[in-house]
Amino acid sequence: MSKSKERMARERGPNRQNVIANPTLKEKFAALGNLPRFFKLVWETHKWYTLLNGLLRLLRSAIPVAILYVGKLIIDEVVTLSKGHATDHQLLWQLVAAEFALAILSDALARATALVDSLLGDLFSNHTSVKIMEHAATLDLDQFEDSEFYDKLERARQQTIGRTILLSQVLTQVQDLITMAFLAAGLMAFNPWLILLLLIAIVPAFLGESYFNDRSYALTRGQTPERRELDYIRYIGASDETAKEVKLFNLSGFLIDRFKTLSNKFYDDNKKLSIKRASWGTFFALLGSAGYYTAYVVMIMKTIEGALTIGTLTFLAGSFRQLRSTLENILTRFTAVSQGAIYLRDFFEFFEIQPKIFMPVKPVPFPAQIKQGFTFENVGFKYHNSDKWANRHLSFTLHAGEKLALVGENGAGKTTLVKLLARLYDPVEGRILLDGIDLRDYDLLQLRHNIGIIFQDYLRYQMSFAQNIAVGNIDEMNNRALIEQSAEKSLASLLAKKLPNQYDQALGRRFNNGVELSGGEWQKVALARAYMKDAQLLILDEPTSALDARAEYEVFQRFADLTKGKTAVLISHRFSTVRMADRILVLDKGQQLEIGSHEELLALGGRYAELFHLQAKGYR
Ligand SMILES: Nc1ncnc2c1ncn2[C@@H]1O[C@H](COP(=O)(O)OP(=O)(O)OP(=O)(O)O)[C@@H](O)[C@H]1O
């Protein structure tokens, strides 16, 4: 490894090493193996456009040589006429008309191809974006929390835009190859040595281009994490959601400095490469011209000697010139196409990521009525990017119909526990049983449908009031009665009545005419989501922290009344709420410390009693 490469590798950290590896010519050819899969995707996007595109390009590939050849015939005919060897002009005008027709056809075909290319490109971009969203939806939460995964997702997203270019590049490549075959056939018939001259003039340019494309690929790929950071800073620097803190903390200077540092680094890296590329490019172009003019001189000499007609000289010179530019395009495009095909690998790799949490082969249907409840058997869980156990040695039963409150300091593992219940993660140790059967054996969709969770970091959808509630059960999106009932239950209905457009009121500031709600108001809207489906297990993970103490008490009291007989888990830091639960589980550093009713735990005189008295003292 060269010194600078070593330094780059060190700066980027150990797992960035693969980023600077340059693909060899062999790897580039291997990457072309991705093209059939790519074309399958294009074909899937729109069969007729794909076919039409191929046909148009096939026609176009024959045009250049046809025009050159008719041109040769015209010149020879003019020479014959001018020397007085013939007097009939009919053939000449027919030839001119033919060339005119070819020119018009060429233009029309070029426009038609560009049109079909752009239509197909747009459809392709939409089709792949949908595919990415569909695949992303099947993946696990912890995969989203992995930065390498994010880089892949980012690159896959870029492909949806960039690949439409690849599409027309590959098609043009095929078209040019056919054009070249026609032109080369003409040139070979005259003098095969000219082809050799052509290759000598062009191969260095190709190798140079290939080298610089590699560097540029490595550079772009290596910049992915920083580019994500750049996008993130741009977002924080100017967005409705962040403007408040950015102003108050006066962060703009800090953000702009970081943006400048990153963007200047990109600029410098790219500039260095661009300058080198331009200098070498000029040199190689010079070589190409030298090759062309050598061939031209040979042809002129032969014409003077009388071995060629003037028409043939123009035809050959034209063919050589065109062949040179076509071949140059093909070679240059080869690197671009193979680079594109390497990028495609990123795209397909994203689709190869498989979720670890999936539907069992023979799923057990979720019980119509939970009988015993959820039993934790020595459950432990560690986030994949952490060595610390977020939950460990949890052994208890959440009985059917019971309301269990989770109590513990920040980071004690409360949220993790409820995520395990919803199978957003699976335990690393032990197992969770539902009515005696492992949770992993149940139908995943039914399980999720039967669990209603509202998290503390619920989303504030920049959509209408009604839609913000309907997301709790999207199948009932058009069931206005259910939406309104749910709003009544969470006390959000009072709020809807005050809004100008009531349930159709757009919320949030991102789009026109949106109304922003207060933190507590948003929470009431989010809470209504829990009532949208008849879930058998309801989990409220501190979605009420922004409500004042009285409102939280009311909301929970209502929740307890409305969900009588249902199994529920509540997380709250307020003991007035917690004591409403049938039992309380106290967590400490992920482990279970105490479990029992409010009275039992007070009598025990342990952590719960201590925290309860502490809070009660604060209110006195
Ligand atoms: N996505 C994650 N990746 C890595 N570690 C995480 C992740 N989420 C949480 N943790 C860690 O797991 C531990 C338990 O977190 P958890 O969110 O379950 O706590 P909590 O009791 O709900 O806290 P809080 O009261 O602050 O909401 C913490 O140490 C936290 O840092």
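**Helix packing and a ligand shell, term by term**

Author: Helix α11 (residues 252-304) packs against α12 at an angle of about 165°, and their axes lie 10 Å apart. The model is predicted: local features need pLDDT of at least 70, side-chain atom pairs count only at pLDDT 80 or more, and totals for chains, interfaces and linings use all residues. Residues are numbered from 1 along each chain as its sequence is written.

Reader: Why are α11 and α12 called roughly antiparallel?

Author: Their angle is about 165°, and angles over 145 degrees, on a scale from 0 to 180 between N-to-C directions, count as roughly antiparallel. Therefore α11 and α12 are roughly antiparallel to each other. The crossing of α11 past α12 is right-handed (the near helix is turned clockwise from the far one by less than a right angle).

Reader: What makes the contact between α11 and α12?

Author: On α11 the contact residues are Gly 288, Tyr 292, Ala 295, Tyr 296, Met 299 and Thr 303. On α12 they include Leu 313, Leu 316, Phe 320, Arg 321 and Glu 328. Two residues are in contact if their C-beta atoms, placed from the backbone, lie within 7 Å. By type, the α11 and α12 contact residues divide into nine nonpolar, two polar and three charged. Here Tyr and Pro count as nonpolar, and Gly as polar.

Reader: How do you know how α4 runs relative to α12?

Author: The axes of helix α4 (residues 47-82) and helix α12 (residues 310-352) come within 7 Å and cross at roughly 160°. That makes α4 roughly antiparallel to α12. This crossing of α4 and α12 is right-handed. Among the residues in contact are Pro 64, Leu 68, Tyr 69 and Lys 72 of α4, with Ile 310, Phe 315 and Gln 322 of α12. The α4 and α12 contact holds eight nonpolar, seven polar and two charged residues.

Reader: And which way does α4 run beside α5, and with what handedness?

Author: The axes of α4 and helix α5 (residues 90-138) come within 8 Å, crossing at roughly 160°. So α4 is roughly antiparallel to α5. The α4 and α5 crossing is left-handed. Its contact residues divide into 26 nonpolar, five polar and five charged.

Reader: Where does UniProt place the feature "transmembrane region", and what does the model show there?

Author: The unreviewed UniProt entry gives residues 193-212 and 280-300. Over 193-212 the chain is 100% helix and 0% strand, with the end C-alpha atoms 30 Å apart. Over 280-300 the chain is likewise 100% helix and 0% strand, with the end C-alpha atoms 31 Å apart.

Reader: What makes up the shell around the ligand?

Author: 13 residues surround the ligand (C-beta atom, placed from the backbone, within 6 Å of it). The closest are Tyr 383, Ala 390, Asn 410, Thr 415 and Thr 416. Helix α13 (residues 414-421) gives the most to this shell, with three residues. By type, the shell divides into three nonpolar, eight polar and two charged residues.

Conventions. Helices (H or I, at least four residues) and strands (E, at least two) are DSSP runs, numbered from the N terminus. Angles under 35 degrees count as roughly parallel, over 145 as roughly antiparallel, 65 to 115 as roughly perpendicular and the rest as oblique. UniProt positions are given in the numbering used here, feature names are shortened, and annotations may be inferred rather than shown by experiment.
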